[in-house]
Amino acid sequence: MSETVHFIDTTTRDGSQSNWAAGMPVGMMDAVMEDLDKVGYRALDIPYMPLQFKKIVRDLKEDPWEMIKMIGKKAPNTVKGSMLGPGLRVFDTGGNNREATTLFLKLLAEYGVLQRVQLMSNINNASPTWKWFIDLTRKLGAEIVYGVCYYIGTTRHTDELYARKTREAVELGADVIYLKDAGGLLDVESVRRVMGIMRENANGIPLEIHSHCTAGMADAVYAEAVKQGCRGFHTGIPPLAEGTAQPTIANTAENMRALGFDIGGVDIERAESISKRMYRMAKEEGLPTDFGPTRYQVAQYIHRIPGGVASNMRHQLKELHLEDRVDEVTEECVRICAEMGEPHMITPYSQYVCTQAAINVALGERYKVVIDDFIKYALGFSGPESGSADMDPNLRDRFCGLPRAEQLKEIARNSSIELNKPLKDLRNEYGAANLSDEEFLLRYMMKGTEEIDAMRAVTKEYPFHRYTGVDSPIIDLIDELSRQPKITQLQVQFQDKTLTLAKESL
């Protein structure tokens, strides 16, 4: 009897982050969520990291809490989860209030979406400081999924590291261990080696794989991973698959069948129907759709920028009217990595590198302005595995000598105050003690109400944009005919009714 493989859907979270700079509207998720729940996925990776809450409020002008309620209601049959950590203000030197984080997790559990928590080994998820967070998520009913993060180009990323990280996952009681390849850097030989190491050290815990199509190798990598004992595959639905996102579920499922595996009750036809609807909604929204399949990209192995970070970098450069300087920023990323001791280009370090590179290029002078995160990196806040110990010593001295360095050290010294502040006191800082839990947490994440007020102004009538995604060939025809310069009038007749459309005279 054939072994069964399963699939984790990344469409709404990593697919959107990679191909649309996390710009998938909540209303679009709403239009397809019931069908996503019926495809037969092992789990749905959904966008409720605090960073995504901020993106939804700031850029999409939609209500993230209404998104959470919608997903919990419309996808009751599939495990739902996301990457999370013990803090609501990601990478904040000032600390993250533990009671606020606890409240956030409890609300997610109550709304039915905290059922799977993905951790990443590159930010010391197995360290003692994370124990309370892991214990709490378990108590709330979530499974722990631990990511062993793959990388190249450093002396730190050895076979022994992957073995040790897998053993750490076993020790913390992970329910699933997955090989995480944010940069799409795995090839057939490397996945055979690393997945084999993980299998030998996983003590029987199920294995999954998460890669990106950025370098054009992910489909072949998945086909090899299943031969090495992997049974879970992170996939997306086009247009939020391929490109710099994950492989498509349709092609991955076809490959698994060809290799003699059973795909269970996965409804590929339904997934393809969702894809057609998303293409239509993307066209309505003006979002790009021409992503894949992706060809082999040698440059990816040089700059190693993850797909989601590259997408956001292009988006931000466009906002700064610097979209024509992407190549310069990419080259600057390579230089910064070398100077910083080759930090692993994955969250959070990839964001640091790309942000600093954009600043250097925009200002025309390297390190004229230095982001706080790199000053903290130079101060040693990032831990022994970050690469900071190998940072260029002259640059380290320069960063540590900046006036801002002393301020950041003082903030770090006082971080325990923020960490242990009573929730009642924190509520008073953000409006009133009687705020709803959701509103308080949103204000805490956004550091105030200004951006929330702007979002509320747009969502007075409905909390997110509305889409149907229904195929309408007649509308497509009218749209196409309207673009023809010689056609000035169009008449549509149905039985005894006639509709006439005419272009305005200029």
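**Pairs, strands and cysteines in a predicted chain**

Trainee: How far apart are the closest N and O atoms in the salt bridge of Arg-13 with Asp-14?

Mentor: In a salt bridge, a side-chain nitrogen of Lys or Arg lies within 4 Å of a carboxyl oxygen of Asp or Glu. Arg-13 and Asp-14 form one, and the closest N and O atoms are separated by 3.7 Å.

Trainee: What kind of model is this?

Mentor: Residues are numbered from 1 along each chain as its sequence is written, and side-chain values use heavy atoms, with hydrogens and water left out. Local features need pLDDT of at least 70, side-chain atom pairs count only at pLDDT 80 or more, and totals for chains, interfaces and linings use all residues; this is a predicted model.

Trainee: Are Arg-13 and Asp-14 buried or exposed?

Mentor: The scale is relative accessible area with a 1.4 Å probe and protein chains only: under 20% is buried, over 50% is exposed, and in between is partly exposed. Both residues of this pair, Arg-13 and Asp-14, are buried.

Trainee: How many residues apart are Asp-45 and Arg-13?

Mentor: Asp-45 also forms a salt bridge with Arg-13, with 3.1 Å between the closest N and O atoms. The pair links distant parts of the chain, Asp-45 being in strand E2 (residues 43-45) and Arg-13 in helix H1 (residues 11-20). These names come from DSSP runs numbered from the N terminus: helices are H or I with at least four residues, strands are E with at least two. Along the sequence, the separation of Asp-45 and Arg-13 is 32 residues.

Trainee: How many salt bridges does a search of the whole structure find?

Mentor: Side chains of opposite charge can pair when their charged atoms come close. Searching the whole structure gives a total of 35 salt bridges.

Trainee: What separates Lys-227 and Glu-224 in helix H9?

Mentor: The side chains of Lys-227 and Glu-224 meet in a salt bridge, 3.8 Å from N to O. Lys-227 is exposed because its relative accessible area is 54%, whereas Glu-224 is buried at 7%. Helix H9 covers residues 218-227, and the two are three residues apart in it, so the separation is about one helical turn.

Trainee: Which residues do salt bridges that share partners join into one network?

Mentor: Glu-224, buried at 7% relative accessible area, is not named in this network. Shared partners connect two Asp and two Arg residues here, namely Asp-35, Asp-267, Arg-270 and Arg-277.

Trainee: Where is His-210 found?

Mentor: His-210 counts as buried because its relative accessibility is 0%. Contact means heavy atoms within 4.5 Å. Not counting residues up to four places away in sequence, His-210 touches, among others, Arg-13, Asp-14, Tyr-178, His-234 and Gln-246. Its place, in residues 207-210, is strand E7.

Trainee: How far apart in space are Glu-208 and Ala-225, C-alpha to C-alpha?

Mentor: Glu-208 is in strand E7 and counts as buried because its relative accessibility is 1%. Leaving aside neighbours within four places in sequence, its contacts include His-6, Arg-116, Met-195, Cys-230 and His-234. Glu-208 and Ala-225 are 17 residues apart in sequence, and from C-alpha to C-alpha the distance is 8.7 Å.

Trainee: How many disulfides does a search of the whole structure find?

Mentor: A disulfide is a covalent bond between the sulfur atoms of two cysteines. The cut-off for the pair of sulfur atoms is within 2.5 Å. By that test, the number of disulfides in the whole structure is zero.

Trainee: Which cysteine sulfur is nearest to that of Cys-213?

Mentor: Cys-213 is buried, with 5% relative accessible area, and Cys-230 counts as buried at 0%. The two sulfurs are 15 Å apart, which is too far for a bond. Cys-213 is in no disulfide, and the nearest cysteine sulfur is that of Cys-230.

Trainee: Which residues is Ser-275 in contact with, leaving aside its neighbours within four places in sequence?

Mentor: Ser-275 lies in helix H11. Ser-275 is buried because its relative accessible area is 10%. Beyond those sequence neighbours, its contacts are Ile-237, Pro-238 and Pro-239.

Trainee: What percentage of the 506 residues of the chain count as buried?

Mentor: The chain has 23 helices and 10 strands, and its C-alpha atoms fill a box of roughly 80 × 60 × 50 Å along the principal axes. Of the contacts with a separation of 6 or more, 76% are between residues 24 or more positions apart. Among the 506 residues, the buried share is 55%.
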